[in-house]
Amino acid sequence: MVKGWPVSHYGPVPRFRAERWNLQVFGSTATGEKYTWSFDEIMALPAATVTTDLHCASGTTTLDHEFYGVPASVLLELAPPDPRVTHVMAWAEYGYNANLRLADFASERTLMATHHNGEPLTVEHGFPLRLVVPQLYGYKGPKWLRAIEYMTQDRRGFWEERGYHNLADPWTEQRHSYQEDE
Ligand SMILES: Nc1nc2c(c(=O)[nH]1)N[C@H]1C(S)=C(S)[C@@H](COP(=O)(O)O)O[C@H]1N2
Ligand SMILES: [Mo]
């Protein structure tokens, strides 16, 4: 455990331009259509607060983060997935991505956060939108979230392709892909 909230990610911090930003849902939606929300539209959606610890797979845990934002369940209602969807890919700026089981994305505590401890997220921590999946390691929560892709089979994301565990449960310490055969 460490004090404060360290910044940890791969690559540069993207610059935010509201007029060029949107959030998309694509892939296997129920209707086959793609959905797009502007920044203002996202900010107008129903929001909730989730308090959680954050566990980085490389060892750092920080406690009691209060995130506020749009529950993933709201997105799933607005953009229903095809019944065959089993997984989602969460996409960030610059192509960072993380795959999630649909059940983990749909969990009632999964949030697309806009705020942290009552303040807008800082850009280093993912402003304007960051996926928070409380029950999984940090790499499953892209900062600078830009899209959710509905998938009818699993596909590994950025760290999952580079030796990190496909499922990432911190309670059983699923950190590395070699643990997947255990
Ligand atoms: N876009 C993006 N999101 C990311 C990452 C990244 O490299 N790029 N790293 C992940 C990892 S491994 C962790 S532990 C957390 C760290 O979040 P923090 O910097 O806000 O503590 O961000 C996650 N989200
Ligand atoms: Mo991490």
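Start with ligand 1: of the 17 residues around it, Ser8, Tyr10, His125, Arg130 and Lys143 come nearest. Keep in mind as you look that this is a predicted model, and every distance and volume below is computed from it.

What is the make-up of the shell around ligand 1? The shell residues split into 10 nonpolar, 5 polar and 2 charged. So much for the residue types; now for some individual contacts.

Take Lys143, one of the residues that come nearest to ligand 1. An N or O atom in the side chain of Lys143 sits 2.5 Å from an oxygen atom of the ligand. Trp5 also reaches an oxygen atom of ligand 1 through its side chain, with an N or O atom there at 3.1 Å. With Gly141 the contact comes from the backbone instead: a backbone N or O atom of Gly141 is 2.9 Å from a nitrogen atom of ligand 1. How much of ligand 1 does the protein cover? On its own the ligand has 540 Å² of accessible area, and the protein covers 93% of that.

Now picture the protein with the ligand taken away. The space that ligand 1 takes up is the largest pocket, and about 650 Å³ of space lies in that pocket. Its lining is made of 31 residues, and the ones nearest the pocket's centre are Ser8, His9, Gly138, Tyr139 and Lys143. You've met Ser8 and Lys143 already, as two of the residues that come nearest to ligand 1. By type, the pocket lining divides into 17 nonpolar, 11 polar and 3 charged residues.

Next, the enclosed spaces. How many cavities of 30 Å³ or more are there? The count comes to 3. The largest cavity has a volume of about 70 Å³. Lining this cavity are Leu54, Arg130, Leu131, Val132, Val133, Leu136, Tyr137, Gly138, Lys140 and Gly141. Which element gives the largest share of that lining? Strand β9 (residues 130-132) does, with 3 residues. Some names here are familiar: Gly141 in this lining has the backbone contact with ligand 1, and Arg130 is among the residues that come nearest to the ligand. The lining of the largest cavity divides into 6 nonpolar, 2 polar and 2 charged residues.

The second largest cavity comes in at about 50 Å³. Around it you'll find His87, Asn99, Leu100, Arg101, Asp104, Leu136, Lys140, Asp154, Asn166 and Leu167. Leu136 and Lys140 in this list also appear in the lining of the largest cavity. Strand β6 (residues 97-101) supplies the largest share here, 3 residues. The types in this lining are 3 nonpolar, 3 polar and 4 charged.

Finally, two spots in the backbone deserve a look. Most residues other than glycine have a negative phi, and most peptide bonds are trans. Where does the chain depart from that pattern? One place is the bond joining Phe127 and Pro128, a cis peptide bond with omega of about 10°. Pro128 belongs to the loop between β8 (119-120) and β9, and β9 is the strand that gives the largest share of the largest cavity's lining. The other place is Tyr94, a residue other than glycine whose phi is positive, near 65°. Tyr94 lies in the loop between β5 (87-92) and β6, and β6 is the strand with the largest share of the second largest cavity's lining.

Methods: Residues are numbered from 1 along each chain as its sequence is written. Chains are lettered from A and ligands numbered from 1 in the order in which they are written. This is a predicted model: local features need pLDDT of at least 70, side-chain atom pairs count only at pLDDT 80 or more; totals for chains, interfaces and linings use all residues. Side-chain values use heavy atoms; hydrogens and water are left out. A residue is near a molecule or strand if one of its heavy atoms lies within 4 Å of it. A polar contact is a pair of N or O atoms within 3.5 Å; within protein, one must be able to donate a hydrogen and the other to accept it, and residues adjacent in sequence count only if both atoms are side-chain atoms. Accessible areas come from the Shrake-Rupley method with a 1.4 Å probe; for residues, only the protein chains shown count as cover. On a 1 Å grid over the protein atoms alone, a cavity is a set of points where a 1.4 Å probe fits but cannot get out, and a pocket is an open set with protein on both sides within 12 Å along at least five of seven lines; lining residues have an atom within 4 Å of a point. A molecule sits in a cavity or pocket if more than half of its atoms lie within 2 Å of its grid points. Ala, Val, Leu, Ile, Met, Phe, Trp, Tyr, Cys and Pro count as nonpolar, Asp, Glu, Lys and Arg as charged, and the others, Gly among them, as polar. Grid points are joined across faces, edges and corners, and a volume is the space filled by probe spheres set on the points. Helices (H or I, at least four residues) and strands (E, at least two) are DSSP runs, numbered from the N terminus.
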